[in-house]
Amino acid sequence: MSPSRRKWIARGATALAGASGVAVAARLADKYGLIPPDGVGVWGPGETLTYAAQRLLGANALAREFTRDQITKPPRANGRPPQDEEFKRLEASGFTDWRLAISGMVDRPATFSIAELKSFPQRGQITHLACEEGWSYIAEWAGVPLSHVLNLVGMQPRARFVVYYSFQTRWWDSLDMADALHPQTILALGMNGAEIPVAHGGPLRLRVPRHLGYKSLKYVTRMVVTDTVKNLGKGLGGATPERGYAWYAGI
Ligand SMILES: Nc1nc2c(c(=O)[nH]1)N[C@H]1C(S)=C(S)[C@@H](COP(=O)(O)O)O[C@H]1N2
Ligand SMILES: [Mo]
C-alpha cells in the first residue's frame, strides 16, 4: 500500500471512530437526561457532549468572584434599551408598575413588584460578564437568588426548565434546574452599589455568572417553569440558540 493511501485510510478511520464515539456519547446522554434543547441537527452531538460533560463534572461549581478594586470602570453596555412608550412610562414612574410574573409548573403562580423582590433575602457578588463577541467586564451585582423565588411559588417535581422573557420580546432564554437553582443565579436589582441602570437591564435582569453574557437577560418580565421547551419557538430553548449560539453557554 502506498504511504499516501495508508495515510488516507488512517484519517478516515479516525474520523469514523470520532463520529461513532460522539454518537455513543449522545445515546448515553439521552438515557441520563443530558440532552440540551439544541442537541439536534448537525451541531447537536457537539452541544450534547459539552452539556453532558459539564453536568457530569459538577453542576454546582461556583463562578469566580472578584474584589471591589477589580470592578471595571465604566462597564460596557450591550444593545439599546427598549425605546417604546410603555417602557418610558414605566421608567418615568420609577418602575413602580414593573412586574415579574411566574407561572407554569408551580403550585402558586405569582407576580412580584420590584419593591417585593427587594424585600427578599439578597445576595451580592462581584463577577465577570463575558459577551460572546469577545469583550467583558467585572461588576458587583445584588439581587434575590432565583432559587428563593422558585421556592416561594412552589416548583413542581416534574419541572426541568425555567424559561424567562424580556420586555424586549426578541430576547428570551431558558435554564435547566441545576443552573436555575445555582446559588449565583440571581434576579439582579442592583449594580455597583446603585439600582441597575437601564442600559444594563434595569429595573430587573437575570445574572447567570456561570454562562456567557447572553443568558443574563435584561428587562425580565416573565418566567415559565416547564418540563419541556420543545413547544416554544423553534424548540431550541431560547432566542440566542435560534440565532446560532449554544443554548448551554457555560463558562
Ligand atoms: N433584553 C436583553 N437582554 C440582553 C441583551 C439585550 O440586548 N437585550 N444582550 C445580551 C448580551 S449579548 C450580553 S453580552 C449581555 C450584556 O450585558 P450588559 O448590557 O450589561 O453589558 O446582556 C444580554 N442580555
Ligand atoms: Mo453578548
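In this predicted model, A130 has a relative accessibility of 13% and therefore counts as buried, since the cut-off for that word is under 20%. A130 belongs to strand β3, which covers residues 123–130. Leaving aside the neighbours within four places in sequence, A130 is in contact with W135, S136, L212, G213 and I251. A link between separate parts of the chain also appears when backbone positions are compared, for the C-alpha atoms of A130 and P209 are separated by 8.7 Å although their positions lie 79 residues apart along the chain.

Y245 offers another example of such a link. Y245 and D38 are 207 residues apart in sequence, yet their C-alpha atoms are 9.5 Å apart in space. Y245 lies in the segment after α7, the helix of residues 239–242, and at 35% relative accessibility Y245 counts as partly exposed. Not counting residues up to four places away in sequence, Y245 touches D38, E132, Y214 and T240.

These pairs can be set beside the figures for the whole chain. Among contacts between residues at least 6 apart in sequence, 68% join residues that are at least 24 apart. The chain has 251 residues, of which 46% count as buried, and its secondary structure comes to seven helices and 10 strands.

We can now turn to the interior. The largest nonpolar core has 35 residues, and those with the most contacts inside this core are W98, L117, L204, L206, M223 and V225. Several elements each supply at least two residues of the core, namely the helices α3 (85–92), α4 (114–119), α5 (146–153) and α6 (177–180), together with the strands β1 (99–104), β5 (161–166), β7 (186–191) and β10 (220–226). The largest share, four residues, comes from α5. To see how one core residue is surrounded, the reader can look at L206, which touches L146, Y164, L175, I186, L187, K215, S216, L217, V220 and M223 when residues up to four places away in sequence are not counted.

Helix α5 deserves a view of its own. Which residues of α5 are buried? They are L146, S147, V149, L150 and V153. Seen down the axis of α5, these buried residues fall within an arc of 165°, and so they line one face of the helix. After α5 comes G154, whose phi is positive, near 75°.

Positive phi values also occur in residues other than glycine. F95, in the loop between α3 and β1, has a phi near 60°, and with a relative accessible area of 11% F95 is buried. N192, found in the loop between β7 and β8, has a phi near 50°, but N192 counts as partly exposed, at 32% relative accessibility.

Another backbone feature is found at two prolines. The peptide bond from K73 to P74 is cis, with omega near -10°, and P74 lies in the loop between α2 (44–57) and α3. A cis peptide bond also joins G202 and P203, where omega is about 15°, and the place of P203 is in the loop between β8 and β9.

The loop between β8 (194–195) and β9 (205–207) also holds H200. Is H200 buried or exposed? With a relative accessible area of 7%, H200 is buried. Once the neighbours within four places in sequence are left aside, H200 is in contact with P75, R76, A77, Y137, M191, R205 and K218.

R205 and K218, both in contact with H200, lead on to the largest pocket, where they are among the residues that lie nearest the centre, together with N78, W171 and S216. The lining of this pocket is made up of 23 residues, and about 320 Å³ of space lies inside. By class, the lining has 10 nonpolar, seven polar and six charged residues. S216, one of the residues nearest the centre of the pocket, is also touched by L206, a residue with many contacts to follow in the structure, since L206 is listed among those with the most contacts inside the largest nonpolar core.

Key: Residues are numbered from 1 along each chain as its sequence is written. Chains are lettered from A and ligands numbered from 1 in the order in which they are written. This is a predicted model: local features need pLDDT of at least 70, side-chain atom pairs count only at pLDDT 80 or more; totals for chains, interfaces and linings use all residues. Side-chain values use heavy atoms; hydrogens and water are left out. A nonpolar core is a set of buried Ala, Val, Leu, Ile, Met, Phe, Trp, Tyr and Cys residues joined through side-chain atoms within 4.5 Å. Buried means under 20% relative accessible area, exposed over 50%, partly exposed in between (1.4 Å probe, protein chains only). Contact means heavy atoms within 4.5 Å. The arc is that of the directions from the helix axis to the C-beta atoms. On a 1 Å grid over the protein atoms alone, a cavity is a set of points where a 1.4 Å probe fits but cannot get out, and a pocket is an open set with protein on both sides within 12 Å along at least five of seven lines; lining residues have an atom within 4 Å of a point. Grid points are joined across faces, edges and corners, and a volume is the space filled by probe spheres set on the points. Ala, Val, Leu, Ile, Met, Phe, Trp, Tyr, Cys and Pro count as nonpolar, Asp, Glu, Lys and Arg as charged, and the others, Gly among them, as polar.
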